[in-house]
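Okay, thanks everyone, I'll keep this informal. Have a look at the structure while I talk, and stop me if something sounds off.

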Amino acid sequence: MELYNNIIMHTLEILSAYTSKKLKVCDEVNWEMCPKNELILSRDAAFELGANRLPSVNYSCVTTSKGLIEDDEILLYGPDLNEIKGDVPFARIVLLSINDLGDNDKAYRSIKNLEYVKYDIIPKGYMIRASSFDKREQVRVSKEAIARGINFEVIGNAYINKLKEDKLVNAVHIIFITQNIANFKKLTEYANKVDEITQTLNHVLNDMTLNCQSCNLKPICDEVEGMRELHFKTAKSSKTI
């Protein structure tokens, strides 16, 4: 699955202009997890990541290309949670190295399942509000959680460990941004492109017609390397059954 490779490479290229902190990756997360998203009132909050007036974005990409995402890694651009004194911009980007998806019919479902994992990660004192419409992710962090020492090492490892429960996942590269970098707008464009690619993949795998001129997703097939080949391959396979 190499459909997202250009976005992964462009994301890493943009961020190479900024200084990051590499946080420790570990197998255990010493932090209470909640069964469902908790309500943190504004009076109990220390601050909010990606508050309404500030830039905010989240997206995830998968790849089967060897060497693109090699190891588990947590990178932080900007201050950690214990260093933040007020509302700040926020981005959470997850890049996944996965095994070959094999059966194309399972590709879309597998990718969406990995995306939905984020809804199962609910650290105590870390209230997440995400919007699939505008690709924003806002997080309200409680004063109590800050006092107890919550940080992005805890959050990052919670994501990595949960994602790697799926045998499909080889490595997880998770990026947090809490500084107002100049490229937030471009990252939002990438988030929208990821969604377009995933929806086009779903269309390709479920619609065997090859009338590309009448398809409203043709621009994505033209732009994303491998999408058109996948469409023709899938259609050909369906005719031989």
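When I say contact, I mean heavy atoms within 4.5 Å. With that in mind, start at Asn151: leaving aside its neighbours within four places in sequence, Asn151 is in contact with Asp80 and Leu81. And keep in mind that this is a predicted model.

So where does Asn151 sit? It's in the loop between helix 3, residues 143-148, and helix 4. What does its side chain reach? One partner is the backbone nitrogen of Val154, at 2.9 Å. Another is the backbone nitrogen of Glu153, at 3.1 Å. That Glu153 contact is made by a side-chain oxygen of Asn151, and it's at the start of helix 4.

Right, helix 4 itself. Does the length make sense? Well, at 1.5 Å a residue the twelve residues of helix 4 should span 16 Å, and the end C-alpha atoms are 16 Å apart, so the two agree. How many of its residues are buried? Nine of the twelve, so helix 4 is mostly covered. The buried residues are Phe152, Val154, Ile155, Gly156, Asn157, Ala158, Tyr159, Ile160 and Leu163. A general reminder while you're looking at that list: an α-helix has 3.6 residues a turn, so residues three or four places apart point the same way.

Let me pick one residue out of that helix. Ala158 is in helix 4, and with a relative accessible area of 8% Ala158 is buried, because buried means under 20%. What does Ala158 touch, not counting residues up to four places away in sequence? The answer is Val29, Met33 and Ile121. There's also a C-alpha distance to mention: Ala158 and Trp31 are 127 residues apart along the chain, and their C-alpha atoms are separated by 8.9 Å.

Since Trp31 has come up, its ring has a charged side chain over it. Arg148 lies over the face of Trp31, at 4.3 Å from the ring centre.

Now the aromatics. Searching the whole structure turns up four aromatic pairs. Take Phe90 and Phe152: stacked, tilted or edge-to-face? Their ring centres are 6.2 Å apart and their planes are at 15°, and planes under 30 degrees apart count as stacked, so this pair is stacked. The pair also links distant parts of the chain, with Phe90 in strand 5, residues 90-98, and Phe152 in helix 4, residues 152-163, 62 residues apart. As for accessibility, Phe90 comes out at 0% relative accessibility, so Phe90 counts as buried. Phe152 has a relative accessible area of 0%, so Phe152 is buried as well. And there's a third ring to add: Phe90, Phe152 and Phe176 form one aromatic cluster.

Staying with strand 5, look at Ile98, which is found there. Ile98 has 2% relative accessibility, so Ile98 counts as buried. Which residues is Ile98 in contact with, once we leave aside neighbours within four places in sequence? They are Val62, Thr63, Thr64, Leu114, Leu168, Val169 and Asn170. For Val62 I have the C-alpha distance too: 6.6 Å in space, with the two residues 36 apart in sequence.

A quick stop at the cysteines. How many disulfides are there? The count comes to zero. For that count, a disulfide is a pair of cysteine sulfur atoms within 2.5 Å. Cys34 is at 12% relative accessibility, so Cys34 counts as buried, while Cys26, at 22%, counts as partly exposed.

One backbone oddity before I wrap up. Most residues other than glycine have a negative phi. Lys135, though, has a positive phi of about 65° although it is not a glycine. Where is Lys135? It lies in the loop between strand 6, residues 126-131, and strand 7, residues 136-142. Buried or exposed? At 10% relative accessibility, Lys135 counts as buried, because the cut-off is 20%.

Last, the overall picture. The protein has seven helices and eight strands. Buried residues make up 49% of its 241 residues. And among contacts between residues at least 6 apart in sequence, 87% join residues at least 24 apart. The stacked pair of Phe90 and Phe152, 62 residues apart, is the link I'd start with on screen.

That's my lot. Over to you for questions.

Methods
Residues are numbered from 1 along each chain as its sequence is written. This is a predicted model: local features need pLDDT of at least 70, side-chain atom pairs count only at pLDDT 80 or more; totals for chains, interfaces and linings use all residues. Side-chain values use heavy atoms; hydrogens and water are left out. Rings of Phe, Tyr and Trp (its six-membered ring) pair if their centres lie within 6.5 Å; planes under 30 degrees apart count as stacked, over 60 as edge-to-face and the rest as tilted. Helices (H or I, at least four residues) and strands (E, at least two) are DSSP runs, numbered from the N terminus. Buried means under 20% relative accessible area, exposed over 50%, partly exposed in between (1.4 Å probe, protein chains only). A charge sits over a ring if NZ of Lys or CZ of Arg is within 6 Å of the ring centre and within 35 degrees of the ring normal. A polar contact is a pair of N or O atoms within 3.5 Å; within protein, one must be able to donate a hydrogen and the other to accept it, and residues adjacent in sequence count only if both atoms are side-chain atoms. The expected span of a helix is 1.5 Å times one less than its number of residues.
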